[in-house]
Amino acid sequence: MDNKNIESINKKRKITLVISILLLLILIIGSTYAWFKLKVTSATSNIINAGGIQIELKEFDDNTILLQNQVPISDTRGLQTKEYIFELKNTGRDKRYTIYLDDLALNTNEVRMDDKNVKYNIMKNNQSLKTELLSLTGTNPNRIIETGVISKETINYKLRLWIDKNASNDVMGTVFYAKIRVEAVDVAA
């Protein structure tokens, strides 16, 4: 073989090798993204492990909170609405935790409900902690609905949300769509 043929063969091998590596990288990145996407959207139990901290947020039923096509109601009726039930389980050292209620993205044609129109009740181990307007908890993503310390135990929570009876007509046609988030640190920290 002459040098031109050898160079041509080597060039084709290099191009094939580069294309193969790129395809392999795309395949790895794509499958990793799909795995993480699957883990985030389908999980009903999220375990947080970091620096000796282990807290399990276990969600029951639907893992999103949605207020849509509802009307303002009294607190008495609001306390009878569907519960959003979840639990925190600590298997490690004592932790200080904060429970947030974060907005989720709406569809393009939806309008977000103002927090001043949403009332909530949170119960801890079947004991009511508070019933108040969501606007008193802070603004997204810093809406704090509960804080505390958890030892080696499981704490059961029930959360209810409804449209406050004092809401004006501008609440009609709006949507409240959210999800629970928990952050925890070691008490010694």
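**Exercise 1.** Find which residues Thr137 touches, not counting residues up to four places away in sequence, and decide whether Thr137 is buried or exposed.

*Solution.* Step 1: take a contact as heavy atoms within 4.5 Å. With residues up to four places away in sequence left out, Thr137 touches Tyr120, Glu132, Asn142, Arg143, Ile144 and Ile145.

Step 2: place the residue. Thr137 is in the loop between strand E8 (127-133) and E9. Strands (E, at least two residues) and helices (H or I, at least four) are DSSP runs, numbered from the N terminus.

Step 3: apply the accessibility classes, in which buried is under 20% relative accessible area, exposed is over 50% and partly exposed is in between (1.4 Å probe, protein chains only). Thr137 counts as buried because its relative accessibility is 9%.

Step 4: look at the side chain, which reaches the backbone oxygen of Leu134 at 2.6 Å.

A note on the source: this is a predicted model, in which local features need pLDDT of at least 70 and side-chain atom pairs count only at pLDDT 80 or more, while totals for chains, interfaces and linings use all residues. Residues are numbered from 1 along each chain as its sequence is written, and side-chain values use heavy atoms, with hydrogens and water left out.

**Exercise 2.** In the same loop, find which peptide bond is cis.

*Solution.* The cis bond runs from Asn140 to Pro141, with omega near 5 degrees. Pro141 lies in the loop between E8 and E9.

**Exercise 3.** Describe Asn125 and Asn126 by phi and by exposure.

*Solution.* Step 1: Asn125 is not a glycine, yet its phi is positive, near 50 degrees. Asn126, also not a glycine, has a positive phi of about 65 degrees.

Step 2: Asn125 is in the loop between E7 and E8, and Asn126 is in the loop between E7 and E8.

Step 3: Asn125 has a relative accessible area of 40%, so it is partly exposed. Asn126 has 55%, so it is exposed.

**Exercise 4.** List the aromatic pairs and state how each is arranged.

*Solution.* Step 1: rings of Phe, Tyr and Trp (its six-membered ring) pair if their centres lie within 6.5 Å; planes under 30 degrees apart are stacked, over 60 edge-to-face, and the rest tilted. The structure has 2 such pairs.

Step 2: Tyr84 and Phe86 make a tilted pair, 5.9 Å centre to centre with 45 degrees between the planes.

Step 3: Phe86 and Tyr157 make a stacked pair, at 5.2 Å and 15 degrees. This pair links distant parts of the chain, with Phe86 in strand E4 and Tyr157 in strand E10, 71 residues apart.

Step 4: ring pairs thus link Tyr84, Phe86 and Tyr157 into a cluster. Tyr84 and Phe86 are buried, and Tyr157 is buried as well.

**Exercise 5.** Find which members of the largest nonpolar core touch the most other members, and which strand gives the largest share.

*Solution.* Step 1: a nonpolar core is a set of buried Ala, Val, Leu, Ile, Met, Phe, Trp, Tyr and Cys residues joined through side-chain atoms within 4.5 Å.

Step 2: this core has 26 residues, and Ile99, Leu101, Ile145, Leu159, Leu161, Phe176 and Ile180 touch the most other members.

Step 3: E10 supplies the largest share, 5 residues.

**Exercise 6.** Find where confidence is lowest and where it is highest.

*Solution.* Step 1: pLDDT is the predictor's confidence in each residue, from 0 to 100. The chain averages 79, and 75% of the residues score at least 70.

Step 2: the lowest mean, 53, belongs to strand E1 (residues 45-50), and the highest, 96, to E7.

Note on methods. A polar contact is a pair of N or O atoms within 3.5 Å; within protein, one must be able to donate a hydrogen and the other to accept it, and residues adjacent in sequence count only if both atoms are side-chain atoms.
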